[in-house]
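Open your viewer and switch on side chains. I'll suggest what to select, and you can follow along at your own pace.

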Amino acid sequence: MKKYSLLFLLFASIIGTKAQAQDNLSWGPMGGLSVATFRGGGAGNTTWKTGGTAGLFINYSVNEHFGVGGQVLYTQLGAKNRLADQQIRLNYLQIPILATFYLNDRGHALRPKLFAGPYVGFLLAARNQNGDNINVNRQNWTAADAGVHLGGGFNYRIQNKVWLNFDVRYGLGLVDVAKPIQGSGDVYHSNWGVNLGLSFPLGNYNSRTGRIR
């Protein structure tokens with residue numbers, strides 16, 4: 001009897017390990033608040049303006065404490081003029097690639113995390129507070145942006161393999177997004193974001209075969 005009990009425990013351990021391995025690839029929707037402004041010599045009298053963020057993400061857990069992921073986000077950036085009731089609303093398709101460090105393992109329902117990585121952004125629209133186009137013939141604002149995202153947050157398990165994702169991030173733009181016609185000085189994006197998402201299992205990615213099961 002003892003022999004069969006040991007065999008059962010060994011079999012259960014193997015099954016448990018495989019089940020855990022199937023949870024290394026996940027995806028889901030996310031959205032949140034973006035608070036943005038300009039920095040640099042050409043920023044002038046600009047200050048923070050609010051906008052939104054929405055999109056999808058995919059994450060790959062390399063091991064218990066480290067993962068990488070990609071996101072595709074619609075993000076509203078720009079700035080507000082502190083001296084007048086005017087806004088510059090620059091809307092981007094952003095693609096961040098983030099490396100994430102988890103502070104504990106998958107067995108915990110609450111998993112704090114830190115992350116960092118580069119992003120590229122493609123300008124979708126440039127408008128003022130009235131909705132007027134302020135980039136006719138692409139004369140004023142560059143078509144692309146790039147920078148880094150730095151942040152932290154937590155994942156909270158709400159049911160088996162379904163997680164609530166929360167993060168706070170800072171976006172540091174590294175590209176001068178204003179063309180010379182805008183005036184003297186460089187203009188870079190700077191923004192804070194607060195986001196929520198839901199993570200669902202997608203399958204098990206085998207790095208040796210390159211297949212998803």
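**First stop: Val35**

Select Val35 and, setting aside residues within four places in sequence, you will find it in contact with Trp48, Lys49, Thr50, Ser190, Asn191 and Trp192. Val35 sits in strand β1, which covers residues 25–39. Is Val35 buried, or partly exposed? Its relative accessibility is 23%, and because buried means under 20%, Val35 counts as partly exposed. Now add Gly193: the C-alpha atoms of Val35 and Gly193 are 6.3 Å apart, although 158 residues separate them in sequence.

**Colour by confidence**

Remember that this is a predicted model. Colour the chain by pLDDT: the average is 88, and 87% of the residues score at least 70. Among the elements, strand β8 (residues 162–173) has the highest mean, 98, and helix α1 (residues 2–21) the lowest, 41. Throughout residues 1–21 the pLDDT is below 50, and this stretch makes 4 contacts beyond near neighbours in sequence. Where pLDDT is low, the predicted coordinates should not be read in detail.

**Aromatic rings**

Next, show the aromatic side chains; the structure holds 4 aromatic pairs. Zoom in on Phe38 and Trp141, a stacked pair with 5.7 Å between centres and 25 degrees between planes. Phe38 belongs to strand β1, while Trp141 lies in the loop between β6 and β7, 103 residues away. Both Phe38 and Trp141 are buried.

Move on to Tyr170 and Trp192, a tilted pair at 5.0 Å centre to centre and 45 degrees between planes. Tyr170 is in strand β8 and Trp192 in strand β9. Trp192 is partly exposed, at 44% relative accessible area.

**Last stop**

Finally, select Arg111, which lies over the face of Tyr102, 4.4 Å from the ring centre.

Key
Residues are numbered from 1 along each chain as its sequence is written. This is a predicted model: local features need pLDDT of at least 70, side-chain atom pairs count only at pLDDT 80 or more; totals for chains, interfaces and linings use all residues. Side-chain values use heavy atoms; hydrogens and water are left out. pLDDT is the predictor's confidence in each residue, from 0 to 100. Helices (H or I, at least four residues) and strands (E, at least two) are DSSP runs, numbered from the N terminus. Contact means heavy atoms within 4.5 Å. Buried means under 20% relative accessible area, exposed over 50%, partly exposed in between (1.4 Å probe, protein chains only). Rings of Phe, Tyr and Trp (its six-membered ring) pair if their centres lie within 6.5 Å; planes under 30 degrees apart count as stacked, over 60 as edge-to-face and the rest as tilted. A charge sits over a ring if NZ of Lys or CZ of Arg is within 6 Å of the ring centre and within 35 degrees of the ring normal.
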